[in-house]
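The following paragraphs lead the reader through a structure, beginning with a single residue and moving outward to the strands and cores.

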Amino acid sequence: MAEPYYKRVLLKLSGEALGGEQGYGIDPNTITAIAREVKQVVDLGVELCLVIGGGNIFRGVAASSKGMDRASADYMGMLATMINSLAMQDALEKVGVDTRVQSAIGMAEVAEPYIRRRAIRHLEKGRVVIFGAGTGNPYFTTDTAASLRAMEIGADVILKGTKVDGVYSADPNKDKSATKYGTLSYLEVLRKGLQVMDATAISLCMDNSLPIIVFDVTTDGNVVRVVNGEPIGTIVKEGE
């Protein structure tokens, strides 16, 4: 079997991805399907970690726009990511994948604290590490947390799993003339205001030359294809 193209990857999933067709809560069939995909990647010898959003349970930005204190709303959002992280840990262990959850907020009864060296050691031992509670700070998104953690653990790439097969010039569900980008530079993403990740996350990746691949995570086998270097989705990297 050919060696995987990427050896250490961070997979970023939106909370909505766990909601399945309903888009909210946690859909058992969807989370089990994602767990099986992750298992296939781990079986290739790839070191994989996960960051999951919390939008299927609670969205801090939406709550703050309706009058809630932004910091309080963001902390609630971080707790939502922990619910998703624990659900994903359970799904992964049910399919035979050793998993550890590390939280940026102290909650010793349910998860380890985030410790960079310990996370790297888990990866080296073939365990999947799920980073919960974002960065542990309000005003930062889980996109930024994904970029930060990917840099800290020395990931080769961030895989951003979405419900569409890449980055488009407009919403392909609303605009039939929307065109898909194969490759983008970080500056193009920022200039065009494309919904890849938020500006802080993109800037972090740009400063450290960390590529981002946006792809459709709902198609069976896509995670394995991306890890093997197949040209799926849209890659965001340094301009030529």
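In this predicted model, Gln102 offers a convenient place to begin. Setting aside its neighbours within four places in sequence, Gln102 is in contact with Glu112, Pro113, Tyr114, Ile115, Arg118, Ala119, His122, Val129, Ile130, Phe131 and Gly132. Is Gln102 buried or exposed? Its relative accessible area is 1%, and because buried means under 20%, Gln102 counts as buried. The side chain of Gln102 also has a polar atom that lies 3.4 Å from the backbone nitrogen of Ile115.

Gln102 belongs to strand S3, which spans residues 99-103. This strand is mostly covered, with four of its five residues buried. Which strands pair with S3? One of them is strand S5, formed by residues 128-132, which runs parallel to S3 and is joined to it by five bridges. Within this pairing, Ser103 has Gly132 of S5 as its bridge partner. Strand S4, made up of residues 112-113, also pairs with S3 in the parallel sense, here over two bridges. On that side, Glu112 of S4 is the bridge partner of Gln102. Glu112 is also among the residues in contact with Gln102.

From the strands, the description turns to the nonpolar interior. The largest nonpolar core has 36 residues, and those that touch the most other members are Leu50, Met88, Leu92, Val128 and Leu159. Several elements each supply at least two residues of this core: strands S1 (8-13), S2 (47-52), S5, S6 (157-162) and S10 (212-216), together with helices H2 (28-43), H4 (70-94) and H9 (222-227). Helix H2 provides the largest share, six residues. A second, separate core comprises 29 residues, including Phe131, Ala150, Val167 and Val214. Phe131 has already appeared in this account as one of the contacts of Gln102.

Val128, a member of the largest core, shows how such a residue is surrounded. Beyond its neighbours within four places in sequence, Val128 is in contact with Val38, Val42, Leu48, Leu50, Leu92, Val97, Asp98, Thr99 and Arg100. Among these contacts, Leu50 and Leu92 are likewise listed with the core residues that touch the most other members.

Finally, a wider view is given by annotation. An unreviewed UniProt entry places the feature "domain: Aspartate/glutamate/uridylate kinase" at residues 7-216. Over residues 7-216, the chain is 42% helix and 20% strand, and the C-alpha atoms at the two ends are 20 Å apart.

Methods: Residues are numbered from 1 along each chain as its sequence is written. This is a predicted model: local features need pLDDT of at least 70, side-chain atom pairs count only at pLDDT 80 or more; totals for chains, interfaces and linings use all residues. Side-chain values use heavy atoms; hydrogens and water are left out. Buried means under 20% relative accessible area, exposed over 50%, partly exposed in between (1.4 Å probe, protein chains only). Two strands pair if DSSP finds at least two bridges between them. A polar contact is a pair of N or O atoms within 3.5 Å; within protein, one must be able to donate a hydrogen and the other to accept it, and residues adjacent in sequence count only if both atoms are side-chain atoms. Contact means heavy atoms within 4.5 Å. UniProt positions are given in the numbering used here, feature names are shortened, and annotations may be inferred rather than shown by experiment. A nonpolar core is a set of buried Ala, Val, Leu, Ile, Met, Phe, Trp, Tyr and Cys residues joined through side-chain atoms within 4.5 Å.
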